[in-house]
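I opened this notebook to record what I looked up about ring contacts, charges over rings and strand pairing. The entries follow the order in which I went through them.

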Amino acid sequence: PCRALRVSARAPSAMPAWVIDRYGCNEPLRFTRDMVFPAIRLPNEVVVKVHAASLNPIDLSMRSGYGATALNMKRDPLKLKSEETEFPLTLGRDVSGVVMECGLGVSYFKPGDEVVWAAIPPWKQGTLSEFVVASGNEVSFKPKSLSHTEAASLPYVGLTAWSAVHQVGGLNQSNCSGKRVLILGASGGVGTFAVQLVKAWGAHVTAVCSHDASTLMKKLGADDVIDYKSGNLEEQLKALPLFDFILDNVGGSTEKWALNLLKKWSGATYVTLVTPFLINMDRLGVADGMLQTGVTVGSKTVKHLFKGVHYRWAFFMPSGPNLDEIAELVDSGKIQPVIDEVFSFSEVPKAFMKLEGGHARGKTVINVISRK
């Protein structure tokens with residue numbers, strides 16, 4: 001019979017990983033050397049040896065149980081598993097590493113020397129481990145100009161920004177030139193990427209952040225930098241010309257007034273990454289949560305459409321082909337990684353505490369092995 005895998009070496013049965021066995025704050029995080037080695041179950045899957053990973057705000061949220069209802073449904077939609085638990089659960093969404101095994105349906109990669117990066121969807125086991133399984137269509141060759149540590153800082157935030165700006169917002173290289181773009185919450189991982197992306201496409205970028213991030217924003221190409229602590233933010237932004245596109249990484253009360261900053265009846269669009277989708281499902285259950293979510297986004301979309309602007313929600317979407325395009329932008333010098341701090345694999349709890357402190361200037365990266 002045919003072998004189901006192509007492998008580079010004999011696979012171990014267990015591996016080191018950081019896992020949680022229950023939801024909570026930092027206490028549930030524990031290191032184990034006995035995490036089950038990830039197995040290829042589908043022809044299009046690959047096993048990646050993790051050289052570097054990074055943390056995102058969703059890791060803090062998932063550690064506390066956010067989205068557990070929806071994610072568990074995605075993990076086992078037909079309720080086929082005998083054990084009704086997602087634990088032990090490995091967090092971490094970003095990976096830069098080397099392909100070790102391939103399913104028979106994978107043709108773009110081969111085991112051994114292929115250097116790749118990916119963002120692993122939140123319903124799969126994460127990257128704070130020695131190895132991780134990904135679908136072949138989630139993986140891409142990492143930018144040649146970046147080390148593993150640098151590359152691991154980009155996939156999740158890059159794909160989230162790409163989804164919001166390009167796939168949902170409709171901006172691209174051919175239509176972005178000269179457009180006025182406002183980015184709220186510009187100094188975090190998604191914000192720093194989005195600033196560089198729309199600037200690379202020729203937009204005029206206004207970035208909102210705190211004063212101590214203003215130098216970074218200018219370095220990344222922002223034309224105007226607004227300090228949200230220096231006065232009433234709404235009034236500061238009202239004094240500027242109207243915008244063609246707004247990306248909101250902040251949410252909350254911002255949504256109540258931000259859409260008034262858009263040009264009316266010109267195709268201007270507001271996209272928010274702060275949505276109640278997973279919270280609704282946690283609170284109301286799958287069916288009622290989805291219904292409530294649909295009613296909410298539908299009513300807001302129609303209300304703002306009558307006011308002459310487009311209202312949209314955006315989410316992270318895993319995509320190897322989109323990472324290919326991002327890699328080209330990185331290797332051409334148009335996008336650079338923004339790293340706040342790098343931690344060793346033994347310092348994962350410390351890295352979570354750093355991320356929990358907020359006010360990050362870019363990404364928190366985990367160097368899983370010492371090699372770059």
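Entry on charges over rings. I began with Arg180, whose charged end sits over the ring of Phe243 at 4.7 Å from the ring centre. I keep in mind that this is a predicted model. I then looked up Lys74, and found that its charged end sits over the ring of Trp123, 4.9 Å from the centre of that ring.

Entry on aromatic pairs. Taking rings as paired if their centres lie within 6.5 Å, I arrived at a count of eight aromatic pairs. One of them is Trp162 with Trp201, where the ring centres are 5.6 Å apart and the planes stand at 70°, so I noted the pair as edge-to-face. I placed Trp162 in helix H4 (residues 155-168) and Trp201 in the loop between helix H5 (189-200) and strand E10 (204-209), so this pair ties together parts that are 39 residues apart in sequence. Buried or exposed, I asked of Trp162? Its relative accessible area is 3%, so I wrote down Trp162 as buried, and I did likewise for Trp201, which has a relative accessible area of 7%.

I went on to Tyr270 and Tyr311, an aromatic pair that is stacked, with 5.6 Å from centre to centre and 20° between the planes. Tyr270 belongs to strand E13 (residues 269-272) and Tyr311 to strand E14 (residues 310-313), so here the parts tied together are 41 residues apart in sequence. Both Tyr270 and Tyr311 are buried. I also recorded one aromatic cluster, which is formed by Trp18, Phe31 and Phe345.

Entry on strand E16. How many residues of E16 (residues 363-367) are buried? I found five of five, and I therefore entered the strand as mostly covered. Lys363, Val365 and Asn367 point one way from E16, whereas Thr364 and Ile366 point the other way, and all are buried. I set beside this the general remark that in a regular strand the side chains alternate between the two faces of the sheet.

For the neighbours of E16, I looked up strand E4 (residues 45-55), which runs antiparallel to E16 and is joined to it by four bridges; in this pairing Leu55 stands opposite Thr364. Strand E15 (residues 339-344) runs parallel to E16, with five bridges between the two, and Ile339 of that strand stands opposite Lys363. Finally, I noted that E15, helix H12 (residues 348-356) and E16 make a β-α-β unit that is right-handed.

Terms used. Residues numbered from 1 in each chain as written. Predicted model: local features only at pLDDT ≥ 70, side-chain atom pairs only at ≥ 80, totals over all residues. Heavy atoms only, no water. Phe/Tyr/Trp six-rings, centres within 6.5 Å; stacked < 30°, edge-to-face > 60°. Buried < 20%, exposed > 50% of the residue type's maximum accessible area, 1.4 Å probe, protein only. Lys NZ or Arg CZ within 6 Å of the ring centre and 35° of its normal. Pairing = 2+ DSSP bridges. Right-handed = clockwise from strand over helix to strand, strands pointing away.
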